[in-house]
Amino acid sequence: MENMTNNQVMLRLTQIHKKFDELEVLRGIDLDLKKGETKAIIGPSGSGKSTLLRCINRLEIIDSGKIEIKGRALAQNNSENVAEYVSEKEARDILSCTGMVFQQFNLFPHMTVMQNLLEAPVQVQKRKKEEVIPEAEELLRKVGLFEKRDNYPSRLSGGQQQRVAIARALCMKPDIMLFDEPTSALDPELTGEVLKTMRELAAEHMTMLVVTHEMAFAREAANQVVFMADGVIVEQGPAQQVIDHPQEERTQAFLKNML
Amino acid sequence: MDSLLHTVVLMLEGTQVTLQIFFITLIFSLPLGLLAAFGRLSSLKLVSRFMEFYIWLMRGTPLMLQLLFVYFALPMVGIMLPDLVAALLAFTLNYAAYFAEIFRAGIQSISRGQYEAAKTLGMTHKQTMRRIIIPQMIRYVLPPVSNETINLVKDTSLIYILAMNDLLRVARTIVQREFDMTPFVVAAVFYLIMTAVLTWGFKKLEAYYGKYDQ
């Protein structure tokens with residue numbers, strides 16, 4: 001899979017620092033995500049991996065460092081080494097090529113599955129409903145939920161809700177997909193269907209950054225694995241190498257506990 | 001029998017005044033309450049503090065006092081309002097404060113994940129409020145709004161102090177004139193009917209806005 005990715009950098013993080021009060025959760029993170037690449041971020045809870053993901057699309061604000069998406073800076077340091085963001089409007093434009101999937105799905109409960117998919121393309125991209133519907137139907141077929149199109153989210157299982165959430169993000173035609181522990185809130189027997197959808201996406205060379213506890217998924221579906229602990233990247237490299245033959249002691253200890 | 005019919009006719013006229021106050025107050029105080037709730041939740045300290053003060057003032061003093069103030073005190077500083085307008089002003093300002101607190105609680109009960117999902121889909125704050133937060137909030141606030149609305153039906157009777165002939169004042173006038181208690185019973189029945197209609201209406205609304213949760 002390695003050579004399927006070309007070298008265009010879709011996302012570049014440089015020296016990201018982030019504090020919550022006195023606690024420094026990100027301590028100088030550098031990370032590149034290339035086009036078509038699936039990168040998994042693993043690590044113990046509290047290592048800052050979810051925070052890092054949330055910094056990419058402004059769900060958290062960084063203290064210093066640089067965030068570039070497809071070559072455009074979302075935030076970068078001023079002369080005092082404090083990160084400054086572009087305007088709200090420009091930020092929305094820069095981030096319009098990203099989609100996000102949450103641990104808690106966060107579907108809109110007052111809208112049907114179909115309405116959840118149509119909402120952003122129609123309201124944000126100002127596209128015609130009739131034009132988006134066939135695409136939304138196609139995505140629902142892809143995640144195997146076409147027959148649920150008129151159901152409300154409360155009628156769906158967690159796994160089904162998460163697949164709808166993936167379809168909702170894809171309906172905006174993003175170039176980069178961010179996954180924040182997409183299976184952590186699911187019953188074990190439901191994680192498989194979500195991981196299958198994600199594997200298919202990875203196989204289609206969607207550019208993906210996935211925070212996950214699923215080692216099997218990281219090993220098989222990701223090209224690259226990043227191991228984070230205590231707010232720094234301890235080790236990164238090709239997925240199977242990092243997971244099967246970790247070089248660092250911290251990585252080895254973590255993986256031993258996971259398996 | 002004839003006199004009962006006459007009583008009912010008179011009281012229907014009183015009911016008109018009651019309903020007029022009721023509907024106009026509702027039409028103004030609901031949107032005003034929503035605005036006040038947004039103000040209360042505003043990140044601008046000045047706006048938020050002002051709304052807090054307004055809500056405290058309105059909830060912290062009797063509605064009766066507010067009515068008297070608008071009716072008697074404002075003219076002393078040169079603000080003359082027609083009777084009905086004065087009553088409506090007091091009612092609207094008072095109820096908006098209660099609605100504001102209900103709406104604020106409703107808005108705050110929506111999980112952060114909803115805002116975050118909307119944000120990552122590129123929605124503006126305004127779009128998020130209009131399309132995602134408020135429609136969900138309505139569902140949560142319907143029961144307390146229903147409560148306040150029923151209170152309002154009965155609170156309209158306070159305007160008797162402004163010498164306006166609402167349902168209760170008409171009833172009292174007849175009772176005092178004819179030493180017959182029937183008008184009180186008729187008034188009670190009228191209030192109960194209005195409350196029943198409201199209860200039924202809110203039940204329908206709750207079913208409509210709750211349909212996605214079954």
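Read along the sequence, chain B follows the pattern α-α-α-α-α-α-α-α, with 8 helices and 0 strands in all; helices here are DSSP runs of H or I of at least four residues, strands are runs of E of at least two, and both are numbered from the N terminus. The model is a predicted one, in which local features need pLDDT of at least 70 and side-chain atom pairs count only at pLDDT 80 or more, while totals for chains, interfaces and linings use all residues. Residues are numbered from 1 along each chain as its sequence is written, and chains are lettered from A and ligands numbered from 1 in the order in which they are written.

**Chain B and its annotated spans**

The C-alpha atoms of chain B fill a box of roughly 70 × 50 × 20 Å along the principal axes. Buried residues make up 33% of its 214 residues, where a residue is buried if 20 or more other C-beta atoms, placed from the backbone, lie within 10 Å of its own, exposed if 12 or fewer do, and partly exposed in between. Of the contacts in chain B with a separation of 6 or more, 75% are between residues 24 or more positions apart, a contact being a pair of residues whose C-beta atoms, placed from the backbone, lie within 7 Å.

In an unreviewed entry, UniProt lists residues 15-202 of chain B as "domain: ABC transmembrane type-1", and its annotation "transmembrane region", likewise from an unreviewed entry, covers residues 20-41, 53-73, 79-100 and 181-202 of chain B. Such annotations may be inferred rather than shown by experiment, their positions are given in the numbering used here, and feature names are shortened. The table sets out the domain span and two of the transmembrane spans.

| Span of chain B | Helix | Strand | Distance between end C-alpha atoms |
|---|---|---|---|
| Residues 15-202 | 83% | 0% | 21 Å |
| Residues 53-73 | 90% | 0% | 21 Å |
| Residues 181-202 | 95% | 0% | 32 Å |

One backbone detail of chain B concerns B:Ala163, which has a positive phi of about 60° although it is not a glycine. B:Ala163 sits in the loop between H6 and helix H7 (167-178) of chain B, and B:Ala163 is exposed, with 9 other C-beta atoms within 10 Å.

**The contact between the chains**

The contact takes 16 residues from chain B and 19 residues from chain A. On the side of chain B that touches chain A, the elements giving two or more residues are helix H5 (112-120) and helix H6 (125-155) of chain B, and the largest share, 6 residues, comes from H5(B). By class, that side of chain B has 6 nonpolar, 6 polar and 4 charged residues, with Ala, Val, Leu, Ile, Met, Phe, Trp, Tyr, Cys and Pro counted as nonpolar, Asp, Glu, Lys and Arg as charged, and the others, Gly among them, as polar.

**Chain A**

The secondary structure of chain A comes to 9 helices and 11 strands. The radius of gyration of chain A is 18 Å, close to the 18 Å that the globule rule gives for 259 residues, so chain A is as compact as a globular protein of that length; the radius is taken over C-alpha atoms, and the rule is 2.2 Å times the number of residues to the power 0.38. Of the 259 residues of chain A, 49% count as buried.

An open sheet of chain A has 6 strands in the order S7-S8-S9-S3-S10-S11, with mixed pairing, two strands being paired if DSSP finds at least two bridges between them. S7 and strand S11 (232-238) of chain A stand at the edges, each with a single partner strand, so one side of each is left without a neighbour in the sheet. S7(A) pairs with strand S8 (residues 176-180) of chain A in the parallel sense over 4 bridges, and A:Gly99 has A:Met177 as its bridge partner in S8(A). Within strand S7 (residues 98-101) of chain A, A:Thr98 and A:Met100 point one way and A:Gly99 and A:Val101 the other way, and all are buried. Strand S3 (residues 38-42) and strand S9 (residues 207-211) of chain A also run parallel, joined by 4 bridges, and the partner of A:Lys39 in S9(A) is A:Leu209.

A:Asp230 lies in the loop between strand S10 (224-229) and S11 of chain A and has a positive phi of about 50° although it is not a glycine. With 14 C-beta neighbours inside 10 Å, A:Asp230 counts as partly exposed.

Technical notes. Two residues are in contact if their C-beta atoms, placed from the backbone, lie within 7 Å.
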